[in-house]
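Hi,

Here is the structure I said I would pass on. Have a look at it first, and my notes follow below.

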Amino acid sequence: MSESTHTHDSTEGSAIPTPRRRRTKLGIVGAGAVGATLAYASLMRGAAQTVALYDINGAKVRAEALDLAHGIQFMPMAKVEGSDDVAVLADSDVIVFTAGAKQKPGQSRLDLAGTTIGIVKTILPQLVEVAPHAVHIMVTNPVDVVTYAALKVSGLPPNQLFGSGTVLDSSRLRFLLAEHTGVAAQSIHAYVVGEHGDSELPLWSSASIGSVPLLQWRDEHGDLALDEETRERIATDVVQSAYRIIEGKGATNYAIGLAGTRVLEAVVNDEGRILPVSSLLDDYYGISDVCLSVPAIVHAGGVGSRVEVPMTDSELAGLRSSADAVRATARNFGF
């Protein structure tokens, strides 16, 4: 809710209310391809009034901030800062962590774990010190293992730190379904759950297109549009798409920048939006003590209730298998 102060207009002799709105500060750790793109997307969407970038490469981060600031005339008004001093993130409302080892062609996300966890151990305690009330969103791979490690390192409550999870994967799934059916992606409701990686799985049984169950959707000839073979091909495409992009251009940045912005908007706007983010599960269909993506309510306090989406036996088995894979990797790194 906005507050008001009063200024005195000497010509009229009356008090004029001046609105004072709360100004949201977004902190971004890492000014690489993902961090810079996320900053750009957030500014374009007016997600925050202050965007602060932190990176250990001072010249790089200051240049990115200056480049972004030069375009402020063409987007919602905001302030952009960049520094190699973590103090630039002081009092952030939301901090998005994008720093990490760069994924190489053919390399799985889990292969990145060791290096990225080391970065988290170094930087995260400093973030908690300068912005103790911030909600932290991890957007660095392998996001599930990194999110679990970050919770252990930081001591933050599970609602206050979570990962971007399969928000991007779910967007890729909806894009491919839109291409196949000729229906707008915005009218398709389908989630990818589990690891943000090779063991993830789509929840076909609960997916829908314009309130029609996806498995009952028919094409223009009246035939079922998504048989098992088509679904398997689409699911494989979802998993492999990141590898194809990395092979072609070295990194994924546009879609994850938009996906990350959508997640942080749910926090700063207290939306209560259901998103498949990666969070610490506690008896979710019997799954506990692992960070995994399932639909959850995201609001100003971070991640709230996990939504127990109805699943078939095979879907639940796939989710449990995915949990085992992530948990095994976490154990390999001492968590």
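I'll start with a strand pair. Ala296 stands opposite Arg306, which lies in S18. Keep in mind that this is a predicted model.

Ala296 belongs to strand S17, which covers residues 296-299 and pairs with S18 in the antiparallel sense over three bridges. Another of the partnerships is that of Val298, whose bridge partner in S18 is Val303. The link from S17 to S18 is a hairpin through two residues.

Zooming out a little, these strands sit in an open sheet of three strands, ordered S14-S17-S18 and paired antiparallel. Strand S14 (273-275) and strand S18 (302-306) are the edges, each pairing on one side only. From one strand to the next the twist averages 40°. When you look at the side chains here, remember that in a regular strand they alternate between the two faces of the sheet.

Next, a helix pair. How do H5 and H6 pack, and at what angle? Helix H5 takes in residues 167-181 and helix H6 residues 228-249; the angle is about 125° and the axes are 10 Å apart. An angle over 145 degrees would count as roughly antiparallel and 65 to 115 as roughly perpendicular, so H5 and H6 are oblique to each other. Their crossing is right-handed.

As for who meets whom, H5 brings Asp169, Arg172, Leu173, Leu176, Leu177 and His180. On the H6 side, the residues they meet are Thr230, Arg233, Ile234, Asp237, Val238, Ser241, Ala242 and Ile245. Sorted by class, that contact has seven nonpolar, three polar and four charged residues.

One last residue to click on is Phe335, in the segment after helix H8 (313-332). Is Phe335 buried, exposed or partly exposed? Its relative accessible area is 23%, and buried would mean under 20% while exposed would mean over 50%, so Phe335 counts as partly exposed.

Phe335 also has partners from elsewhere in the sequence. Leaving out residues up to four places away in sequence, Phe335 touches Ile117, Lys121, Tyr148, Ala149, Lys152, Val153 and Ala330. Take Tyr148 from that list: Phe335 and Tyr148 are 187 residues apart in sequence, but 7.9 Å apart in space from C-alpha to C-alpha.

That's what I have for now. Shout if anything is unclear.

Cheers

Note on methods. Residues numbered from 1 in each chain as written. Predicted model: local features only at pLDDT ≥ 70, side-chain atom pairs only at ≥ 80, totals over all residues. Heavy atoms only, no water. Axes fitted to C-alpha atoms, helices over the stretch in contact; angles between N-to-C directions. Helix = DSSP H or I, 4+ residues; strand = E, 2+ residues; numbered from the N terminus. Parallel < 35°, antiparallel > 145°, perpendicular 65-115°, else oblique. Left-handed = near helix turned anticlockwise from the far one by under 90°. Contact = heavy atoms within 4.5 Å. Nonpolar A, V, L, I, M, F, W, Y, C, P; charged D, E, K, R; others polar. Pairing = 2+ DSSP bridges. Buried < 20%, exposed > 50% of the residue type's maximum accessible area, 1.4 Å probe, protein only.
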